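Let's take a walk through a protein model, starting from one pair of strands and working outwards. Have the structure open while you read.

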Amino acid sequence: MQLKTLLEAPELGLNLKAGRSGLEREVRGGYTSDLLSHVMSRAREGDLWVTVQAHQNIVAVAVLLNLAGIIIAGGIEPQEDTLSKADAEGVTIFTTNLPAFEVVGRLYALGIRASNSYAALAQG
Amino acid sequence: MLRWLKADLHVHTVLSPCAELEMGPRAIVAAAAANGIGLLGITDHNAWANVPAVAALAAREGIAVLPGMEVQTREEVHVLCFFPDLASLAVVGEEIRRHLPRIENRPEVFGDQVIVDAEENILGFENTLLLNSVELTLEEVQDITRRAGGLFIPAHVDRPAFSLLANLGVVPPALEPDALEISGRVTPEEVKSLFPALTGYSLITSSDAHRLSDLATPRATWFYVAAPTLAEVVLALAGLEGRKVVIVSSLENKPHDLPGRL
């Protein structure tokens with residue numbers, strides 16, 4: 001599923017804030033956490049990342065892991081430096097007024113799964 | 001004349017709801033004196049009201065107090081901010097504190113937030129919950145602190161919660177901290193091997209005391225300075241004009257392998 005498909009899904013209420021050039025990106029899975037140290041060690045390439053963290057370091061993490069994009073949930077507005085950096089790096093950032101729990105639930109209903117979920121289950 | 005000065009720049013008082021009620025000014029100053037501390041940082045969560053009381057008592061014991069607070073930024077990162085004097089702490093500290101969400105403390109859940117004077121009379125209670133993030137980014141808190149001539153030191157960066165590295169992964173490019181604080185759990189060597197990104201930053205360690213027994217730490221920060229002032233600490237953290245900072249085991253009385261021993 002491409003990012004632009006999600007942008008057009010009314011139930012997610014997404015607003016495109018940065019990285020229009022990345023809308024063709026394929027979403028391979030999803031990840032959610034607000035601790036960037038966790039994201040760096042656990043998210044996978046191609047994941048769509050749901051967070052309430054709006055600091056510009058989220059862009060660096062997305063570039064580092066080659067994530068598909070970022071959804072900032074809970075009606076939180078990212079700082080201007082975060083958005084300008086995302087545009088410069090080609091990282092797509094959406095915001096939504098939905099709480100993170102609700103966004104993740106609706107993404108799941110659209111068929112997106114955690115790409116590392118099987119690894120997590122296998123570890124018990 | 002430069003001399004070695006033992007410092008503990010991260011101590012909470014009864015104003016922090018998570019601190020024990022034994023953390024009154026007299027007891028803190030006595031514990032600092034017992035541990036040979038010459039420079040004490042008083043850093044309550046997002047608040048400063050007990051600094052004057054501790055500073056007044058500490059002065060009688062020959063202990064200098066750096067007026068400060070431990071700010072929790074929008075990213076839930078804890079940062080130690082210090083100011084040149086009580087007047088600037090009162091102004092800038094209050095400016096930062098005003099950005100706390102107006103959520104009332106529930107003492108039975110979080111603990112009491114007690115404001116005291118130097119005689120340990122209770123002056124009142126802080127009603128706004130201090131265990132919260134101010135609506136300011138890390139960079140905004142850094143800018144506000146610097147404009148007042150203050151020191152900006154992200155706290156316990158190696159810890160898994162409320163820390164720069166746990167929450168934000170790496171030191172953000174726009175951040176220029178005067179130093180980074182590491183917790184007492186690790187040595188500087190261990191922390192640099194765990195977090196290679198910390199190489200090149202000045203490091204301090206502190207007790208982060210929430211109870212009196214916390215002030216006895218396994219390692220301590222020593223400054224080689226001319227006087228126990230913020231201006232001298234700035235020079236030491238930057239390694240300028242012969243000033244320096246080291247972390248040594250508390251089993252040592254002083255950094256004996258370095259010149260200028262006490």
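## Strands side by side

First, a definition: two strands count as a pair if DSSP finds at least two bridges between them. Keep in mind that what you're looking at is a predicted model. Now find L40(B): its bridge partner in β3(B) is V65(B). That bridge belongs to a bigger set, as β2(B) and strand β3 (residues 64-72) of chain B pair in the parallel sense over seven bridges.

β2(B) also has a neighbour in strand β1 (residues 3-11) of chain B; these two run parallel too, joined by three bridges. Look for V11(B), which stands opposite I42(B) in β2(B). There's a helix to add to the picture as well: β2(B), α2(B) and β3(B) together make a right-handed β-α-β unit.

## A strand tucked away

Is strand β2 (residues 39-45) of chain B enclosed or open? Seven of its seven residues are buried, so the rest of the structure largely encloses this strand.

Its side chains go two ways: L39(B), G41(B), T43(B) and H45(B) point to one side of β2(B), while L40(B), I42(B) and D44(B) point to the other, and all of them are buried.

## The nonpolar core

The largest nonpolar core has 114 residues. Which residues have the most contacts inside it? They are V54(B), V65(B), V79(B) and F223(B). You've met V65(B) already, as the partner of L40(B). Helix α2 (residues 51-60) of chain B gives the most to this core, with six residues.

Try clicking on F223(B) next. Leaving out residues up to four places away in sequence, F223(B) touches L5(B), A7(B), L39(B), V233(B), A236(B) and V245(B). One of these, L39(B), is part of β2(B).

## Chain B as a whole

Zoom out and you'll find eight helices and eleven strands in chain B. Its C-alpha trace spans about 50 × 40 × 30 Å along the principal axes. A compact globule of 262 residues would have a radius of gyration near 18 Å, and the 17 Å of chain B agrees with that.

Of those 262 residues, 50% count as buried. Among the chain B contacts with a separation of 6 or more, 72% are between residues 24 or more positions apart.

## Where the chains touch

Chain A gives eleven residues to the contact and chain B gives nine. On the chain A side, the elements giving two or more residues are α2 (36-42) and α3 (57-65). By class, that side has five nonpolar, six polar and no charged residues.

Technical notes:
Residues numbered from 1 in each chain as written. Chains lettered and ligands numbered in written order. Predicted model: local features only at pLDDT ≥ 70, side-chain atom pairs only at ≥ 80, totals over all residues. Contact = placed C-beta atoms within 7 Å. Helix = DSSP H or I, 4+ residues; strand = E, 2+ residues; numbered from the N terminus. Nonpolar A, V, L, I, M, F, W, Y, C, P; charged D, E, K, R; others polar. Core = buried A, V, L, I, M, F, W, Y, C linked by C-beta atoms within 7 Å. Buried ≥ 20, exposed ≤ 12 C-beta atoms within 10 Å, placed from the backbone. Rg over C-alpha atoms; globule rule 2.2 N^0.38 Å. Right-handed = clockwise from strand over helix to strand, strands pointing away.
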